[in-house]
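Dear colleague,

I am handing over the structure we spoke about, and my notes on it come straight after. Please keep it open beside you as you read.

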Amino acid sequence: MSSTATILDAAKPIPERLVMPATDHLVDSLDPEPHPPDDAEDLPTAAVVFDVDAVSVYYGEFRAVQDASLKVHEHEITAFIGPSGCGKTTLLRCFNRMNDLISSARVTGSLCYYGVDLYNPQVDAVEVRRRIGMVFQKPNPFPKSIKDNVAYGPKVAGLAKKGPAMDDIVENSLRKAALWDEVKDRLNDNALGLSGGQQQRLCIARAIATDPDVLLMDEPCSALDPIATTRIEELMHDLKTDYSIVIVTHNMQQAARVSDRTAFFSVEVNADSDSRTGILVEYDFTQHIFSNPSDERTENYVTGRFG
Amino acid sequence: MIVLLLVFVSSIERAVMAFTTVGAVARGGARRGLVGTSGFAKLRTDIAGGLFKFLILSALLASLLILGVLLIDTIVSGWSQLSTRFWDFLNGSLRSRSIDDRLGVQQGLYGSFWIGAIVACTAFPIGVGAAIYLEEYALRSRLTATLELVIRNLAGVPSVVYGLLGLFLFVERNTIFGFIGLGWLVDATGGRSVLSAGLTLSVLVLPIVIITAQEAVRAVPVQLKEGAYGLGATKSEMVRTQVLPYAAPGILTGTLLAMSRAIGEAAPLILVGAISGGLTNNPELWDASALREKFTALPIIIVEWVSERGRDPGFADAAAAAIVVLLALVLLLNMTAILLRNYFERKRD
């Protein structure tokens, strides 16, 4: 584990907000916070978080995603859109190695996170998931209290134990997820008593609590009503300043509203084997994708002629 | 026994209630059909459906009736012992005559109690561990599929066979493959002892514990597991914090039901060497020092007394009383299982 921690640490300096307030002065005196390589003047855009190069994902013999290549940028919202079965969720689940949990899944190509190949055998998937948080399609709070839900990640990561330090993490995470005012008086109530929208914001708070760099969101609003959806979208907008976000969505309007860049995926039916493979058709600034796409298939999809 | 009677009476009551409700619904349907206020008036009576309902209800009533008759007959026979000298009967020991002030089942209670405790202490952790391994860790391969099939088959092996296994492993000095000595097992258990019996019955219920625990573990929602993994939990953390708490009610129920089965078994105990007399002292229930001594258990006492009733008809009543005690014990365990399950389910949801 220590070797993997170092390999990921080399990729990106520990962000400032990881440092506990109480030990601030200590850390400052021992080791001044290193700064990320300042190459902003060389590049017109923000630093690259994920560099996906010719990634294919297989489930056994079946190829779910073929040769996807794209770059996800820091402090941006990147949306994956496309019809059902186009592999957008599959690709998203490669970013925090959730596909490892399916024994038949296999990933080829290279998927780099701040320059480190996530599928390097030296990289520990558990460590990856601590730095790259995930919010799922259906709100999935644990059948525990609201507080215990948020405290779960920090506890397993050893960031804090019970007590004031943990209380601070819980409060900050719930505040960031815009849920604090609604639940501050009932932190010890069971999380399953919350509404669907509140549950999903709790899941976001839970993901934030481990202090990740990236949030992966797999259709986070598909089980929510329009009002709850709006709240989550506003929240994503606020979270952008601290995190890089990748969101999978079925809802094109949502992608247009919240994202900076959009990747459009489509399905290709292999004539000989009758299997369906997801392909990345086009990846560009969201504005371009929706107003002036360069691929005809994208245009057909975003204008509603196909889907 | 009053509890037993009450349970019985209330179940009959419920059955009767169900019966009358069925009738009422049928009548109501017919009335609506006659009135025909809506456009969906029922024009014909569903004769086949009604007949089917009657048949399945009589199946239920027949099984309840048989059970009830047996139960009442047993309680009535045992009443002479239980009503006049209940505590003496529980505290008494094996005697050669049924008319004896010191006749009772204390030695059997001791044996059955410790058999239950040993089963809980061995079959529970081993079974739950095996189930978690099979469900969460083992790769889905032909080997694990075969293993699961074997476990399912083992659950159906007659208990006498397990008795033979217990005899081979824990009671007699044997060697397997001609060179692996098992004498140390006998040294540890003391041969024909409660310890041997408890371990034998642990092996007997192990497949049941594994299967029920496996089902409970399989029922844990995948969303919870993914949620834990997504927050950076390792597999063991995920199992400890998500799988075990969620599966606890199912695991507990399965284990306690397996335990009540172990307590009711007689055949393996006969092979492992439970005896029906000649026990010199009555150890205190909590006294573990007699675990490696000669022993008996409630089912053995029942078998013994039933076979003695030709010589001394009074033993028939004593056997009935012992059956009631054993039934009450098993019922108590099952009730504990239900209460624990409800408690953990409430905690979980």
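What follows is an account of how the two chains meet, and then of one helix in chain A.

Please bear in mind throughout that this is a predicted model. In the model, 18 residues of chain B are in contact with 24 residues of chain A, and the area buried between chain B and chain A comes to about 1700 Å², with carbon and sulfur atoms giving 61% of that area. Of the area that chain B buries against chain A, 35% is supplied by B:E226, B:Y229 and B:L231, more than by any other three residues.

As for polar interactions, two salt bridges are found across the interface of chain B and chain A, and the side chains of B:E237 and A:R130 meet in a salt bridge at 3.8 Å, N to O. Four residue pairs are in polar contact across the interface of chain B and chain A. On the side of chain B that touches chain A, α9 (222-230), α10 (235-264) and α13 (314-348) of chain B each supply at least two residues, and the largest share, seven residues, comes from α9(B). The residues on that side of chain B divide into six nonpolar, seven polar and five charged.

Turning to chain A, helix α5 (residues 146-157) has several buried residues, among them A:I146, A:V150, A:Y152 and A:V156. The buried residues of α5(A) pack against α4, α6, α7 and α8 of chain A, together with α9 and α10 of chain B. After α5(A) comes A:G158, whose phi is positive, near 70°.

With best wishes

Notes: Residues are numbered from 1 along each chain as its sequence is written. Chains are lettered from A and ligands numbered from 1 in the order in which they are written. This is a predicted model: local features need pLDDT of at least 70, side-chain atom pairs count only at pLDDT 80 or more; totals for chains, interfaces and linings use all residues. Side-chain values use heavy atoms; hydrogens and water are left out. Contact means heavy atoms within 4.5 Å. Buried area is the accessible area (1.4 Å probe) that two parts lose on being put together, summed over both. A salt bridge is a side-chain nitrogen of Lys or Arg within 4 Å of a carboxyl oxygen of Asp or Glu. A polar contact is a pair of N or O atoms within 3.5 Å; within protein, one must be able to donate a hydrogen and the other to accept it, and residues adjacent in sequence count only if both atoms are side-chain atoms. Helices (H or I, at least four residues) and strands (E, at least two) are DSSP runs, numbered from the N terminus. Ala, Val, Leu, Ile, Met, Phe, Trp, Tyr, Cys and Pro count as nonpolar, Asp, Glu, Lys and Arg as charged, and the others, Gly among them, as polar. Buried means under 20% relative accessible area, exposed over 50%, partly exposed in between (1.4 Å probe, protein chains only).
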